[in-house]
Amino acid sequence: AVVSTQSTGIDRKIEELVQKYITKPNSIILAVSPGNVDIANSDSLRIARKVDPDGSRTLAVVTKCDLMEKGKESHEVLEGSKVGMKLGLIGVINRNNDMLREGIPIEQVMEMEET
């Protein structure tokens, strides 16, 4: 049996808290989604689109870009054409566990990102 330390209804409580802030017209929405799942099914983008359908207040952040499948769709996501947020999209790559164990410095990882 799986033992959970999260209270019942935590998902609903979190979404209510998020809604409290993103419904304000002067709020900038930071929609963070992992790159290793289909961006079309992103909960954060789905929630943002409910209150900002044209994407004028939403900045998308895609994490784990290094885990994205290579190909046309990943380029479309990272170029912003698939997401269509007017404030843009930022891709993030962090050092993975193997890189940390091997002691690869962040500067080297940044060089790898550029290639």
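**How the sheet and its helices are assigned**

This predicted model contains 5 helices and 3 strands. Along the sequence, these elements come in the pattern α-β-α-β-α-β-α-α.

Q: How do you know that β1 and β2 pair?
A: Two strands count as paired if at least two bridges are found between them. β1 and β2 are joined by 6 bridges, so they satisfy that rule. The two strands run parallel, and A31 stands opposite A60 in β2.

Q: What makes β2 and β3 a pair as well?
A: Here 3 bridges join strand β2, residues 58-63, to β3; the cut-off is at least two, so this pair qualifies too. Again the strands run parallel. A60 turns up once more, standing opposite L89 in β3.

Q: In what order do the strands lie, and why are β1 and β3 called edge strands?
A: The 3 strands form an open sheet in the order β1-β2-β3, with parallel pairing. β1 (29-34) and β3 (89-91) are the edge strands, as each pairs on one side only. From one strand to the next, the twist averages 20°.

Q: How do you know that helix α2 packs on the sheet?
A: Contact requires heavy atoms within 4.5 Å, and helix α2 (residues 43-51) touches β1 and β2. The direction of α2 makes about 155° with that of β1. On a scale from 0 to 180 degrees between N-to-C directions, that value of about 155° lies towards the upper end, so the two directions are closer to opposed than to aligned.

Q: Why is the unit of β1, α2 and β2 called right-handed?
A: Picture the strands pointing away from you: the name applies if the path from the first strand over the helix to the second runs clockwise. β1, α2 and β2 make a right-handed β-α-β unit, so in that view the path runs clockwise.

Q: What makes a residue count as buried, and what share of the protein does so?
A: Buried means under 20% relative accessible area. Of the 115 residues in the protein, 25% are buried. The protein exposes about 8400 Å², and carbon and sulfur atoms supply 54% of that area.

Key: Residues are numbered from 1 along each chain as its sequence is written. This is a predicted model: local features need pLDDT of at least 70, side-chain atom pairs count only at pLDDT 80 or more; totals for chains, interfaces and linings use all residues. Side-chain values use heavy atoms; hydrogens and water are left out. Helices (H or I, at least four residues) and strands (E, at least two) are DSSP runs, numbered from the N terminus. Buried means under 20% relative accessible area, exposed over 50%, partly exposed in between (1.4 Å probe, protein chains only). Accessible areas come from the Shrake-Rupley method with a 1.4 Å probe; for residues, only the protein chains shown count as cover.
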